[in-house]
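Subject: Handing over the structure

Hi there,

Here is the structure I said I would pass on to you. Please open it next to this email and follow along as you read.

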Amino acid sequence: MTRSLSLIYSTFGSEEEARDVAKILLQEKLIACANHFPPIVSQYEYQGEFHEDREFPVLFKTSGKLAKPAGDRLLALHGFETPAIIHWNAEASNPGYEKWLSGQLINPLR
């Protein structure tokens, strides 16, 4: 069973924001699951200045068909001016998981 699944990665400025955005995406059925990771330290240059910030990464799971709508909604909800929203396609190696994920979304994989 190989269908189009997508993973979306983003980081947030606070744990609360990460949880709030994930809850909205879940309620709107644009994602089936959000995995929250421990805080990380991000180092980057932005608008000519060096930054080193504590951020909260999240991995969102959805279908390939919903990756763009979920990413667009994530961008609209995100508190960062230029958030990292990165997605890639994946294949489920567990048909049961794929079936469960499909049933959680507004536009199932079927």
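Below is a short tour of what turned up in it.

One thing to keep in mind from the start is that this is a predicted model.

Let me begin with the charged pairs. How many salt bridges are there? The count comes to three.

Two of them sit inside helices. Arg19 pairs with Glu15, with their closest N and O atoms 3.1 Å apart. These two residues belong to helix 1 (residues 15-27), where they are four residues apart, or about one turn of the helix. Arg19 is partly exposed, at a relative accessible area of 47%, and Glu15 is partly exposed too, at 40%.

Helix 2 holds a pair with that spacing as well: Asp72 and Lys68 are four residues apart there, about one turn of the helix. Their salt bridge brings the closest N and O atoms to 3.0 Å. Asp72 counts as partly exposed at 42% relative accessibility, whereas Lys68 is exposed, with 57%.

The other salt bridge joins Glu28 and Arg73, and its closest N and O atoms are 2.8 Å apart. This pair links distant parts of the chain, 45 residues apart: Glu28 is in the loop between helix 1 and strand 2 (33-36), while Arg73 is in helix 2 (residues 67-77). Glu28 is partly exposed at 30% relative accessibility, and Arg73 is partly exposed with a relative accessible area of 29%.

Now for a lysine that does something else. Lys61 is found in strand 4 (residues 49-63). Is Lys61 buried or exposed? Lys61 is buried, yet it has no salt bridge. The nearest side chain of opposite charge belongs to Glu98, which is 13 Å away. A salt bridge needs the nitrogen and the carboxyl oxygen within 4 Å, so Glu98, at 13 Å, does not pair with Lys61. What the Lys61 side chain does have is a polar contact of 3.0 Å with the side chain of Asn35. Leaving aside residues up to four places away in sequence, Lys61 touches Ser6, Leu7, Ile31, Ala32, Cys33, Asn35, Tyr97 and Leu101.

Leu7, one of those neighbours, is a good place to go next. Leu7 lies in strand 1 (residues 5-12). Beyond residues up to four places away in sequence, its contacts include Leu59, Phe60, Ile86 and Trp88. Leu7 and Ile86 are 79 residues apart along the chain, but their C-alpha atoms are separated by 8.2 Å.

Strand 4 also contains Arg54. Arg54 is exposed, with a relative accessible area of 56%. Not counting residues up to four places away in sequence, Arg54 touches Gly13, Pro39 and Ile40. The C-alpha atoms of Arg54 and Phe12 are separated by 8.9 Å, with their positions 42 residues apart along the chain.

Finally, have a look at the pockets. The largest pocket has about 220 Å³ of space. Which residues line the largest pocket? They are Thr11, Ser42, Tyr44, Tyr46, Glu55, Phe80, Glu81, Thr82, Pro83 and Ala84. Strand 3 (residues 40-46) supplies the largest share of that lining, with three residues.

Enjoy exploring, and write back with any questions.

Best wishes

Conventions
Residues are numbered from 1 along each chain as its sequence is written. This is a predicted model: local features need pLDDT of at least 70, side-chain atom pairs count only at pLDDT 80 or more; totals for chains, interfaces and linings use all residues. Side-chain values use heavy atoms; hydrogens and water are left out. Buried means under 20% relative accessible area, exposed over 50%, partly exposed in between (1.4 Å probe, protein chains only). Lys and Arg count as positive and Asp and Glu as negative; His and the chain ends are not counted. A polar contact is a pair of N or O atoms within 3.5 Å; within protein, one must be able to donate a hydrogen and the other to accept it, and residues adjacent in sequence count only if both atoms are side-chain atoms. Contact means heavy atoms within 4.5 Å. On a 1 Å grid over the protein atoms alone, a cavity is a set of points where a 1.4 Å probe fits but cannot get out, and a pocket is an open set with protein on both sides within 12 Å along at least five of seven lines; lining residues have an atom within 4 Å of a point. Grid points are joined across faces, edges and corners, and a volume is the space filled by probe spheres set on the points.
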